[in-house]
Amino acid sequence: MTRRIITRRIFIATALVLVGVAPLAAQGSGALPPAFETPELRDGSDWGEDLGLLGINSVLGALTAGILREYRGGSFWDGVWPGAVGGGVGYVGKRIVAERFTAAGLIGRQVSALGSSVIRNASEGRGSFERLALPFGPVRLYVNTVEGPRVSAKVDLAATIMAGWGVLEDGADFQLGESLSSGTPVFRVGDSVDGDWAGAHVAGVVLLRDYGAGEAESLRILPHERVHVLQYDQIFLSWSAPVEASILTHIPGGESFGRYVDLGLNAPVFGILNMLVPYEARPWEQEAYYLTRVRSEGGG
């Protein structure tokens, strides 16, 4: 089987799964219309919640790095401390994207990616800043700081497919300013997309709906969805990327394909979880809600 055929099949399979899940995920993963939202907005004074979420993110980072480090034959404890630091930095990035100043999303996404990179490096036995993955829209820049530095780029296939859907979908308008500020593609969609939601995130792409409440009201949803973008980044770099790399090593031509493309297999998994897990039981939704004070019952 030729490399071209293998690559084509990987692309088609990922596209079919993502396109099949995306509409369902959006229906079950969006903020409620503004009329149903809690009016309370974050005022920056809830330090107890901040410390609690910081601790949770640090623990998750420590466990991720430690477990994967031990799985690869290293010491669990060698991964714990840098993993905890990485998880804490990742939370700082989420705290930034929850704010409403210009470029909050772009800045926070890079800060969070730095923390996720530290976790990934710890899990693979590298120095904390030896290899950094910095996402810009559907592209990730991989920076090797040891030799050079050297920079390479990969396209997130799932994010690219979703962004392509937004470009081609009737009634979906690409928002250049909001996309640049958020560090990820943002689209405003109309009634052509079914569902009782005001905002949704799929594969690192944000969808905003206008319920006639005006642009300012609709923008209240954007920080909530940006938190989900960072969660998507974290899950990809910590868990999905190593799994994808392992899968591609067993496919002829897969390693060559993987040098330029990230599959983003965590996107359909994220969508399926949104469909299967009730809103009140979704920890990723609760985190986004606490950070932004915009409730998204039934989704994210």
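Here, buried means under 20% relative accessible area and exposed means over 50%, with partly exposed in between. Those words return throughout these legends, and the model they describe is a predicted one.

**Figure 1. Confidence along the chain.**
Let's start with how far this predicted model can be trusted. The average pLDDT of the chain is 80, and 77% of the residues score at least 70. Two stretches deserve a gentle warning. Over residues 6–45 the pLDDT stays under 50, and the model has 104 contacts beyond four places in sequence for this stretch. Residues 295–299 also stay under 50, here with 29 contacts beyond four places in sequence. Where pLDDT is low, the predicted coordinates should not be read in detail. The contacts counted for residues 6–45 and for residues 295–299 are therefore best read with that caution.

**Figure 2. A network of salt bridges links R72, R120, E124 and R126.**
Side chains of opposite charge can pair when their charged atoms come close. In this view, E124 meets two arginines. With R120 it forms a salt bridge whose closest N and O atoms are 2.7 Å apart. With R126 the side chain of E124 makes another salt bridge, at 2.5 Å from N to O. How buried or exposed are these partners? R120 has a relative accessible area of 11%, so it is buried. E124 reaches 24%, so it is partly exposed, and R126, at 25%, is partly exposed as well. R72 also belongs to this network. Across the whole structure, the search finds 10 salt bridges.

**Figure 3. D156 and R140 form a salt bridge between two strands.**
The side chains of D156 and R140 meet at 2.9 Å, N to O. D156 sits in strand 4 (residues 150–156) and R140 in strand 3, 16 residues apart, and the pair links distant parts of the chain. Is this pair buried or exposed? D156 has 2% relative accessibility, so it counts as buried. R140 is buried too, at 5%.

**Figure 4. An open sheet of four strands runs in the order 2-3-4-9.**
Pairing in this sheet is mixed. Which strands stand at the edges? They are strand 2 and strand 9 (261–262); each has a single partner strand, so one side of each is left without a neighbour in the sheet. Strands of a sheet pair through backbone hydrogen bonds, either parallel or antiparallel.

**Figure 5. Strand 2 and strand 3 pair in a hairpin.**
Zooming in on the sheet, strand 2 (residues 131–136) and strand 3 (residues 139–144) pair in the antiparallel sense over six bridges. Two of the partners are easy to pick out: L132 has V143 as its bridge partner in strand 3, while F136 has V139. Two residues lie between the strands of the hairpin, and G137 takes a positive phi near 60 degrees.

**Figure 6. A103 and A203 each have a positive phi.**
Most residues other than glycine have a negative phi, and most peptide bonds are trans. What is the phi of A103? Its value is near 75 degrees, positive in a residue other than glycine. A103 is placed in the loop between helix 3 (76–97) and helix 4 (104–123). A203 is not a glycine either, and has a positive phi of about 55 degrees. This alanine lies in the loop between strand 7 (199–202) and strand 8 (205–209). With a relative accessible area of 3%, A203 is buried.

**Figure 7. E225 is a buried residue of helix 8.**
E225 has its place in helix 8. Its relative accessibility is 0%, so it counts as buried. How far apart are the C-alpha atoms of E225 and G105? They are separated by 10.0 Å, although the two residues are 120 residues apart along the chain.

**Figure 8. V59, L63, I67, I235 and W239 make a nonpolar surface patch.**
The final view shows a patch of about 430 Å². Helix 2 (47–71) and helix 8 (222–249) each supply at least two of its residues. Helix 2 gives the largest share, three residues. One of the patch residues, L63, lies in helix 2. At 39% relative accessible area, L63 is partly exposed; patches are made of residues with over 30%, so this leucine passes that cut-off.

Conventions. Residues numbered from 1 in each chain as written. Heavy atoms only, no water. Patch = residues over 30% accessible without salt bridge, like charges linked within 9 Å, V, L, I, M, F, W, Y side chains within 5 Å. Areas by Shrake-Rupley, 256 points an atom, 1.4 Å probe, with all protein chains shown as cover. Salt bridge = Lys/Arg side-chain N within 4 Å of Asp/Glu carboxyl O. Buried < 20%, exposed > 50% of the residue type's maximum accessible area, 1.4 Å probe, protein only. Pairing = 2+ DSSP bridges. pLDDT = per-residue confidence, 0-100. Contact = heavy atoms within 4.5 Å.
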